[in-house]
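Reader: Please take a close look at one part of this model for me: the aromatic rings. I would like to hear how they pair and what sits over them.

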Amino acid sequence: MPFLGQDWRSPGWSWIKTEDGWKRFEYFNHKLGDNLNELSLEELDNDKENVFVGDVCEVAAKKRKKDFFNNNTKSQFLFQERWIYVQKESTRERHGYCTLGEAFNRLDFSSAIQDVRRFDYVVKLLQLIAKSQLTSLSGAAQKNYFNVLEKIVRKVLDDHQNPRLVKALLQDLSSTLCILIREVGKSVLIGNINIWVCRLETILNWQQQLNNLQIPKQVSNGMTLSDLPLHMQSNILYKFSDACDIINLGEATPTLHMLSEDRQLWKKLCKFHFAEKQFCRHLIMSEKGHVDWKLMFFTLQKYYPQREQYGDTLQFCKHCSILFWNDRHLALIFKDSGHPCTANDPDSCLTPVSPQHFIDLFKF
């Protein structure tokens, strides 16, 4: 049978043998059922029939497998690894380079959000990507990005922890998507515009769910925070590095409100986040002639970035040029460096990677 098709790259049409000769088989023709009913088994060649049925079954199986893979959005895309080699240029030994999207795909961020020490870190990284690097991600990386984001939102809705961080992330992401959709054609969007509109609607839906989130009051018959002595409650407040957390905790009880207004507490917070030269330029005096450290803190954060603090971060080995998650438990028990390091002293080569540093690693 000669090859006939609309294009030389086309796999061709499927044909069936009838009394009147060979006829083209149309998959989506509404007359297909009638045509098949008019055919009898005696009219079909047995060998051709077996080949034809086998081809149809194979195509259908491949399509179901592809649809299942594409619709399986609950799992992370492609890889789940602990480390990745960061290559910025081609050498004799290695060709190519590592991109931000590839690193985001291969490092296991889905498991990282389940660790309370890494949750803030991953949320901040997703927020920075939403602000400036969303269009640089590949289609696979974008799919993985929104999969991780969905897991973050579901986690917050379930355990009622860190809703403020996720609200800020969704706000920045929705603003970016609105601009990209509005300026479609001027900016590069990977995928159909309808996909991005659907993603924006999903984000707005998540924002509505978080705004309607009601945190139930904890009922406990044991000791509570208010039962602790004043100096212990004050020590807890001094461990905070986020001003919003201090203010929110101060709204719980009148005693905590009094402790949250302590001048020394806000002075310590100013010195933690800002350099002495910075807050010396913006001294704000109260009516009593004292420095108003609380007001000065919120003034300084308008001009200078705050110091970032995370429970755990990605690590970068300067000796191996490898970016990886370091499991402290395995490092202590098995002396595991977290990656295949060849240095004599692997710990001396490690550098913590901030979310901004993570993005800067892949700017070529």
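**Aromatic rings and their neighbours**

Author: Start with a charge over a ring. In this predicted model, lysine 155 lies over the face of phenylalanine 119. The distance to the ring centre is 5.0 Å. Arginine 199 does something comparable to watch for: its charged end sits over the ring of tryptophan 196, 4.8 Å from the centre.

Tryptophan 196 leads on to a cluster. Trp196 belongs to one aromatic cluster with Phe104, Phe109, Tyr121, Tyr145, Phe146, Tyr310, Trp325, Phe358 and Phe362.

Now the pairs. The count comes to 14 aromatic pairs. One of them joins phenylalanine 104 and phenylalanine 109. Their ring centres are 4.9 Å apart, with 20 degrees between the planes. This pair counts as stacked because its planes fall under the 30 degrees cut-off. Both partners are also members of the cluster. Are they buried or exposed? Phenylalanine 104 has 0% relative accessibility, so it counts as buried. Phenylalanine 109 is also at 0%, so it too is buried.

Another pair has a different geometry label. Phenylalanine 297 and phenylalanine 298 meet edge-to-face. Here the centres are 5.4 Å apart and the planes stand at 85 degrees. That angle is over 60 degrees, which means the pair is edge-to-face rather than stacked.

What about exposure in this second pair? Phenylalanine 297 is buried, with a relative accessible area of 0%. Phenylalanine 298 is at 23% relative accessibility, so it counts as partly exposed. The cut-off for buried is under 20%, which is why phenylalanine 298 does not qualify.

Note on methods. Residues are numbered from 1 along each chain as its sequence is written. This is a predicted model: local features need pLDDT of at least 70, side-chain atom pairs count only at pLDDT 80 or more; totals for chains, interfaces and linings use all residues. Side-chain values use heavy atoms; hydrogens and water are left out. Rings of Phe, Tyr and Trp (its six-membered ring) pair if their centres lie within 6.5 Å; planes under 30 degrees apart count as stacked, over 60 as edge-to-face and the rest as tilted. Buried means under 20% relative accessible area, exposed over 50%, partly exposed in between (1.4 Å probe, protein chains only). A charge sits over a ring if NZ of Lys or CZ of Arg is within 6 Å of the ring centre and within 35 degrees of the ring normal.
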